[in-house]
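Visitor: Could we go through this protein together? I would like to begin with contacts and then move on to individual elements.

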Amino acid sequence: IISNLKTLKTLKNKGKKTGKLKYCSEYKCINLKQFGITYKIFNNKFIKIQNITGKIRVNGLKQITEGYECANAKLLNCPDGYYLKVTCFCDKQKTIPSVYEKIGIDMGIKSNLTLSNGLIFNASVQETDRLKKLQKQLEKKKKGSKNRNKQIKKIKVEYQKITNLKNELANKIFSQLNKYELVVIQDEMLSGWQSGLFGKQIQHSILGRIKTKIKEKALQDKRFVIISKKYKTTQICSKCGKIHKMNLNDRKYICECGNTIDRDLNSAINILKIGLEQIEYTPVEKQFVSKKQENTEFLTQC
């Protein structure tokens with residue numbers, strides 16, 4: 001607050017228009033900009049934060065003190081306690097795929113993630129019975145009372161537990177996808193789904209978390225490809241390429257060429273095909289890919 005007041009004073013002296021400080025009922029984040037000055041780490045157990053007397057005991061410091069270079073940090077005020085979020089730098093390690101298979105991923109409501117090889121991930125975390133009970137009890141509390149504030153804190157803790165479960169499930173699924181040779185997804189408008197007919201389903205699912213992780217990985221790794229949302233992957237036949245309009249209730253894709261396939265699986269195969277067409281290979285990689293295709297054709301002929 002003191003630093004903000006000094007900043008406002010200097011801006012006023014320069015003749016610039018300034019507002020006034022606004023009331024904040026709860027402050028959830030404090031930036032610690034410089035390692036070694038604003039915060040220090042001692043013996044994998046204790047930290048020292050500027051303007052806070054004494055050392056603070058912290059759990060989990062072993063994961064960042066071995067082979068990592070610490071930068072800025074943030075002191076977070078979460079419902080289930082205080083956390084120190086530290087930004088670290090380490091040598092980039094290239095991930096090697098353990099499953100040499102190219103897959104396309106279709107995101108949906110009934111089947112959250114459908115892979116082109118037939119695997120299905122239903123990734124959703126429902127609200128707990130305890131949360132529903134706490135919300136009912138909150139309606140009976142008097143506004144502004146201490147009991148109501150205590151009840152709100154309990155609800156925040158329960159929401160934090162659900163968030164932790166969603167993050168854990170998203171990390172597990174992404175680690176499975178990271179094993180493949182190539183992963184292709186479509187840039188779906190999940191926000192449109194949530195504002196439409198499928199608000200609760202999207203809220204309980206972790207599609208947004210997985211999509212964000214794949215997008216961030218695609219900036220660093222060529223094994224992750226994102227195609228545009230303009231492609232009508234659900235309506236295109238994965239066998240002959242004809243377009244057929246489909247309703248939301250149609251779960252089977254039936255084409256005149258005799259292709260009868262699950263709707264989501266058909267879309268995942270089309271996403272993979274479009275993604276393979278968009279990949280830009282170097283001249284050396286093109287020769288390797290062409291030789292690989294020749295070998296596969298020879299094996300099929302045998």
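Guide: Certainly. This is a predicted model. Among contacts between residues at least 6 apart in sequence, 57% join residues at least 24 apart.

Visitor: How many helices and strands does the protein have?

Guide: The secondary structure comes to 9 helices and 13 strands. The radius of gyration is 26 Å, well over the 19 Å that the globule rule gives for 302 residues, so the protein is more spread out than a compact globule.

Visitor: What does the C-alpha trace span along its principal axes?

Guide: The spans are about 75 × 55 × 50 Å. Of the 302 residues, 29% count as buried.

Visitor: Turning to the interior, which residues of the largest nonpolar core touch the most other members?

Guide: That core has 20 residues, and those touching the most other members are Ile 103, Ile 105, Leu 113, Ile 173, Leu 177, Ile 210 and Ile 214. At least two residues each come from β7 (99-107), β8 (113-115), α4, β10 (180-186) and α7 (207-218).

Visitor: Which of them gives the most to this core?

Guide: The answer is α4, with 4 residues. As background, nonpolar side chains tend to be buried together in soluble globular proteins.

Visitor: What does Leu 177 touch?

Guide: Leaving aside residues up to four places away in sequence, Leu 177 touches Ile 103, Ile 105, Leu 115, Val 183, Ile 210, Ile 214 and Phe 224. Another core, of 12 residues, lies apart from the largest one, and its members include Ile 41, Ile 47, Ile 49 and Ile 64.

Visitor: Back to α4, then. How many residues does it have, and what does it reach end to end?

Guide: Helix α4 has 32 residues and reaches 47 Å from its first C-alpha to its last, close to the 46 Å expected at 1.5 Å a residue. Its buried residues include Ile 155, Ile 162, Ala 170, Ile 173, Phe 174 and Leu 177. Charged or polar names also appear on that list, among them Arg 148, Gln 151, Glu 158, Gln 160 and Lys 166.

Visitor: And α3, which residues are buried there?

Guide: The buried residues of α3 are Leu 131, Leu 134 and Leu 138. Seen down the helix axis, they fall within an arc of 60°, so they line one face of α3. In general, an α-helix has 3.6 residues a turn, so residues three or four places apart point the same way.

Visitor: What covers those residues, and what does the face turned away carry?

Guide: The cover includes α4 (146-177). The face of α3 turned away from its buried side carries the exposed residues Asp 129, Lys 133, Lys 136, Glu 139 and Lys 140. As for its dimensions, α3 spans residues 129-140, and its 12 residues reach 18 Å between the first and last C-alpha, close to the 16 Å expected.

Visitor: New topic: how many disulfides are there?

Guide: A search of the whole structure finds 0 disulfides. For Cys 24, the nearest cysteine sulfur is that of Cys 29, 11 Å away.

Visitor: Why is Cys 29 without a bond?

Guide: Its sulfur is 9.5 Å from the closest cysteine sulfur, in Cys 78, which is too far for a bond. Cys 29 is partly exposed, with a relative accessible area of 25%, and Cys 24 is also partly exposed, at 46%.

Visitor: Which backbone angle of Asn 43 deserves a look?

Guide: Phi of Asn 43 is near 55°, a positive value in a residue other than glycine. Asn 43 sits in the loop between β2 (39-42) and β3 (46-49), and it is exposed, with a relative accessible area of 65%.

Visitor: Where is Asn 44 found?

Guide: Asn 44 is likewise in the loop between β2 and β3. Its phi is near 60°, again positive in a residue other than glycine, and at 31% relative accessibility Asn 44 counts as partly exposed.

Visitor: Finally, is Ser 116 buried or exposed?

Guide: Ser 116 is buried, with a relative accessible area of 16%. This residue is in the loop between β8 and β9 (120-121), where its contacts include Lys 102, Ile 103, Leu 265 and Leu 272.

Visitor: And Ser 111, where is its place?

Guide: Ser 111 lies in the loop between β7 and β8 and counts as buried at 15% relative accessibility. Beyond residues up to four places away in sequence, Ser 111 touches Ile 120, Asn 122 and Asp 264.

Notes
Residues are numbered from 1 along each chain as its sequence is written. This is a predicted model: local features need pLDDT of at least 70, side-chain atom pairs count only at pLDDT 80 or more; totals for chains, interfaces and linings use all residues. Side-chain values use heavy atoms; hydrogens and water are left out. The expected span of a helix is 1.5 Å times one less than its number of residues. Buried means under 20% relative accessible area, exposed over 50%, partly exposed in between (1.4 Å probe, protein chains only). The arc is that of the directions from the helix axis to the C-beta atoms. Contact means heavy atoms within 4.5 Å. A nonpolar core is a set of buried Ala, Val, Leu, Ile, Met, Phe, Trp, Tyr and Cys residues joined through side-chain atoms within 4.5 Å. A disulfide is a pair of cysteine sulfur atoms within 2.5 Å. The radius of gyration is taken over C-alpha atoms; the globule rule is 2.2 Å times the number of residues to the power 0.38.
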